[in-house]
Amino acid sequence: MAVFIIVITFTLMEGVAWFTHKYVMHGIGWRYHKDHHRPDHKDSFFEKNDVFFIFFATLAMSGVAFWQVLSATFFLWVAIGITLYGVTYVIIHDLFIHQRIKIWRNTKNPYLRALRRAHKVHHKKLDRHEGECFGMLWVPLRFFKLESQQN
C-alpha cells in the first residue's frame, strides 16, 4: 500500500505543479516567478522563483509532521511522494533544462529532448499571459513529432 500511495502522490504532483504554474506562478505569484522568465535576471544563483520550491518542501515536511503527531503513516507516504517529485523537479528542471549547474548538457533521449523543447516554448513568452506547456514531466505529443522530424 505504501508504494501505491507514493506513486499516486508523485503522479498527482504533476497536475498540482501544472495548476500551480499556470494559475499561481503566472497569476498572483507572478512577482516571484517573473525573474525565472527573464534572461537578464541572473545576478545570483538563486531566483525569487525558488520560493515555490520552499513552499512544496514545507508541504512535504508537514506530511512528516502529521505522520509523527497523528501516527498515521498515510501522511508519511504522501510526504515521500511529494519529496520524490521535488527531487525529480530539481534534476529535470534545474539541472537538465536550465543548467543551473552545468552537469547534464546533452542527451539523445527523445523524451528528454522533447521535454526540453516544450520548456523552451514555455519560456518564449516573457510575460505571464498566453503561455503554454506548464507541466514538468508531461510533454505534448507535438514535441515528440518535432523531434522525430529533425532526426
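Here are four short exercises, with worked solutions, on a predicted model.

**Exercise 1. Follow helix H1**

Task: Find where helix H1 bends, and work out which elements help cover its buried residues.

Solution:
- Start by tracing H1, which covers residues 2-28. Its axis turns by about 35 degrees at His-21.
- Next, look for the buried positions. They are Ile-5, Ile-6, Thr-9, Met-13, Glu-14, Ala-17, Thr-20, His-21, Met-25, His-26 and Gly-27. Notice that His-21, the site of the bend, is among the buried residues.
- A handy rule for reading such a list: an α-helix has 3.6 residues a turn, so residues three or four places apart point the same way.
- Finally, see what lies over these residues. The cover includes helix H2 (30-37), helix H3 (51-70), helix H4 (73-97) and helix H5 (110-123).

**Exercise 2. Place Val-24**

Task: Decide whether Val-24 is buried, partly exposed or exposed, and list what it touches beyond its sequence neighbours.

Solution:
- First locate Val-24: it belongs to helix H1.
- Its relative accessible area is 27%. Buried means under 20% and exposed means over 50%, so Val-24 is partly exposed.
- Leaving out residues up to four places away in sequence, Val-24 touches Phe-19, Gly-29, Trp-30 and Phe-52.
- Now take one of these partners, Phe-52. Val-24 and Phe-52 are 28 residues apart along the chain, and their C-alpha atoms are separated by 9.8 Å.

**Exercise 3. Compare two ring pairs**

Task: Classify the pairs Trp-18 with Tyr-23 and Tyr-111 with Phe-144 by the angle between their planes.

Solution:
- The whole structure holds eight aromatic pairs.
- For Trp-18 and Tyr-23, the centres are 5.9 Å apart and the planes make an angle of 75 degrees. Angles over 60 count as edge-to-face, so this pair is edge-to-face.
- Trp-18 is partly exposed at 34%, and Tyr-23 is partly exposed at 44%.
- For Tyr-111 and Phe-144, the values are 6.3 Å centre to centre and 25 degrees. Planes under 30 degrees apart count as stacked, so that is the label here.
- This second pair links distant parts of the chain: Tyr-111 is in helix H5 and Phe-144 in helix H6 (residues 141-150), 33 residues apart.
- Tyr-111, at 30%, is partly exposed, and so is Phe-144, at 29%.

**Exercise 4. Look around the rings**

Task: Find which residues form a cluster with Trp-18, and which ring lies under the charged end of Arg-116.

Solution:
- Ring pairs join Trp-18 to Phe-19 and Tyr-23 in a cluster.
- The charged end of Arg-116 sits over the ring of Phe-96, 3.9 Å from the ring centre.

How values were computed
Residues are numbered from 1 along each chain as its sequence is written. This is a predicted model: local features need pLDDT of at least 70, side-chain atom pairs count only at pLDDT 80 or more; totals for chains, interfaces and linings use all residues. Side-chain values use heavy atoms; hydrogens and water are left out. The bend at a residue is the angle between axes fitted to the seven residues ending there and the seven starting there. Helices (H or I, at least four residues) and strands (E, at least two) are DSSP runs, numbered from the N terminus. Buried means under 20% relative accessible area, exposed over 50%, partly exposed in between (1.4 Å probe, protein chains only). Contact means heavy atoms within 4.5 Å. Rings of Phe, Tyr and Trp (its six-membered ring) pair if their centres lie within 6.5 Å; planes under 30 degrees apart count as stacked, over 60 as edge-to-face and the rest as tilted. A charge sits over a ring if NZ of Lys or CZ of Arg is within 6 Å of the ring centre and within 35 degrees of the ring normal.
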